Amino acid sequence: YSQYPENTIVQRPIVAAHRGVPSLAPENTMAGYQLAYDLGADLIETDVHETKDGHLVIMHDYTVDRTTNGTGSVSNMTLEQIRQLDAGIKFGPEFAGEKVPTFREFLQGFKGKDVVLLVEIKQAGIAEKVLKEIEEEGVKNQVLVQSFHLGDVVKSHELNPEIGVGYLYSSGISATSEGRVTDAQKMLNYASRMNANLNASYGSLSEEFITYMRQRGMVNLHWTFRNEQHLGDQLEKGVIGPITDYTQWLTDVPIRL
Ligand code: G3P
Ligand code: CA
């Protein structure tokens with residue numbers, strides 16, 4: 001920030017570390033989350049599924065194939081089977097032995113620390129279980145729950161209106177030539193009834209929409225920034241909360257106020 005005069009207010013973006021820091025460490029592992037925390041992420045994003053025997057675990061894909069040394073669907077495997085997998089070795093030998101985290105392990109690992117846990121309900125219909133573990137672990141003030149499944153967003157809000165929710169939204173956000181937001185308006189009205197954030201993909205954001213949200217004080221999170229040029233462009237347009245694979249890019253980047 002040295003380029004700014006002493007009394008200038010600058011603020012860096014609200015950085016959400018997408019699945020940890022998958023550019024530097026295996027995604028959705030405790031090692032990756034710890035790195036995100038150490039790099040100064042404001043939020044740590046994570047994806048939740050339910051195993052065959054009813055336990056909540058963290059995995060982005062519906063199968064374990066891409067990120068672990070195993071094969072199969074999360075929903076067809078028991079917790080014990082999943083815990084035997086290595087979630088680090090494919091990324092690099094220095095991460096060998098990393099386990100697929102349980103959701104509870106993730107919550108416990110960062111409980112009380114200065115970071116918000118951005119919990120994505122990836123598998124539809126598990127909101128009740130997710131909320132139960134959040135409440136049992138006493139972290140309801142430290143989490144935001146988001147999902148592409150509107151039913152799970154609504155359910156989460158109904159189960160505990162104190163917990164912040166976000167709807168993941170990826171299309172239809174546009175503005176007319178007069179700058180009037182159209183499809184997004186409907187979603188925003190709906191979202192505002194639940195006090196939800198509308199966490200849209202960055203590709204579907206227009207400058208008008210960003211302005212619209214900012215005028216209403218909505219600090220929404222947008223995904224997923226993997227390209228430095230795109231990220232810079234969107235910050236310039238007024239995006240405040242990027243969700244990114246590259247937390248390390250953002251620790252010293254000011255945003256437009
Ligand atoms: O946080 C939102 C973002 O993670 C949604 O996309 O596929 O990476 O879960 P995905
Ligand atoms: Ca996600």
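This report describes the fold, the ligand surroundings and several individual residues of a predicted model.

**Overall architecture**

The protein contains 8 helices and 9 strands. Of its 257 residues, 43% are buried. Among contacts between residues at least 6 apart in sequence, 59% link residues at least 24 apart.

In soluble globular proteins, nonpolar side chains tend to be buried together. The largest nonpolar core in this model comprises 64 residues, and Ile-44, Leu-117 and Val-130 have the most contacts inside it. Strand β4 gives the most to this core, with 5 residues. Val-130 is in contact with Val-48, Leu-56, Val-119, Ile-121 and Val-145, leaving aside neighbours within four places in sequence.

Helix α5 covers residues 150-159, and its buried residues are Asp-152, Val-153, Lys-155, Ser-156 and His-157. These buried residues pack against strands β4 (116-121), β5 (143-147) and β6 (164-169), and against helix α4 (127-136).

**Strand β8 and its partner**

Strand β8 spans residues 221-225, of which 4 of 5 are buried. It is joined by 3 bridges to strand β9 (residues 241-244), and the two strands run parallel. Within this pairing, Leu-221 of β8 stands opposite Gly-241 in β9. Helix α8 (residues 228-237) completes the arrangement: β8, α8 and β9 make a right-handed β-α-β unit.

Strand β8 also holds Thr-224. The peptide bond that joins Trp-223 and Thr-224 is cis, with omega at about -20°.

**Surroundings of ligand 1**

Both residues of that cis bond, Trp-223 and Thr-224, belong to the shell around ligand 1. The other residues surrounding ligand 1 are His-18, Glu-45, Asp-47, His-60, Glu-120, Leu-168 and Ile-243. The elements that give two or more residues to this shell are β2 (43-50) and β8. By residue class, the shell divides into 3 nonpolar, 3 polar and 3 charged residues.

**Residues with positive phi**

Two residues other than glycine with positive phi, Arg-19 and Asn-28, are compared below. Arg-19 is found in the loop between β1 (16-17) and α1 (30-39), and Asn-28 also has its place in the loop between β1 and α1.

| Residue | Phi | C-beta neighbours within 10 Å |
|---|---|---|
| Arg-19 | near 60° | 25 C-beta atoms |
| Asn-28 | about 50° | 26 C-beta atoms |

A residue is buried if 20 or more other C-beta atoms lie within 10 Å of its own. Arg-19 therefore counts as buried, with 25 such neighbours. Asn-28 is likewise buried, because 26 other C-beta atoms lie within 10 Å.

**Thr-71, an exposed loop residue**

Thr-71 lies in the loop between β3 (56-58) and α2 (79-83). A residue is exposed if 12 or fewer other C-beta atoms lie within 10 Å of its own. Thr-71 is exposed because it has 11 such atoms within that distance. Not counting residues up to four places away in sequence, Thr-71 touches Val-64 and Asp-65. Its C-alpha atom is separated by 9.3 Å from that of Leu-85, which is 14 residues apart from Thr-71 along the chain.

Note on methods
Residues are numbered from 1 along each chain as its sequence is written. Chains are lettered from A and ligands numbered from 1 in the order in which they are written. This is a predicted model: local features need pLDDT of at least 70, side-chain atom pairs count only at pLDDT 80 or more; totals for chains, interfaces and linings use all residues. Two strands pair if DSSP finds at least two bridges between them. A crossover is right-handed if, with the strands pointing away from the viewer, the path from the first strand over the helix to the second runs clockwise. A residue is near a molecule or strand if its C-beta atom, placed from the backbone, lies within 6 Å of it. Ala, Val, Leu, Ile, Met, Phe, Trp, Tyr, Cys and Pro count as nonpolar, Asp, Glu, Lys and Arg as charged, and the others, Gly among them, as polar. Two residues are in contact if their C-beta atoms, placed from the backbone, lie within 7 Å. A nonpolar core is a set of buried Ala, Val, Leu, Ile, Met, Phe, Trp, Tyr and Cys residues joined through C-beta atoms within 7 Å.
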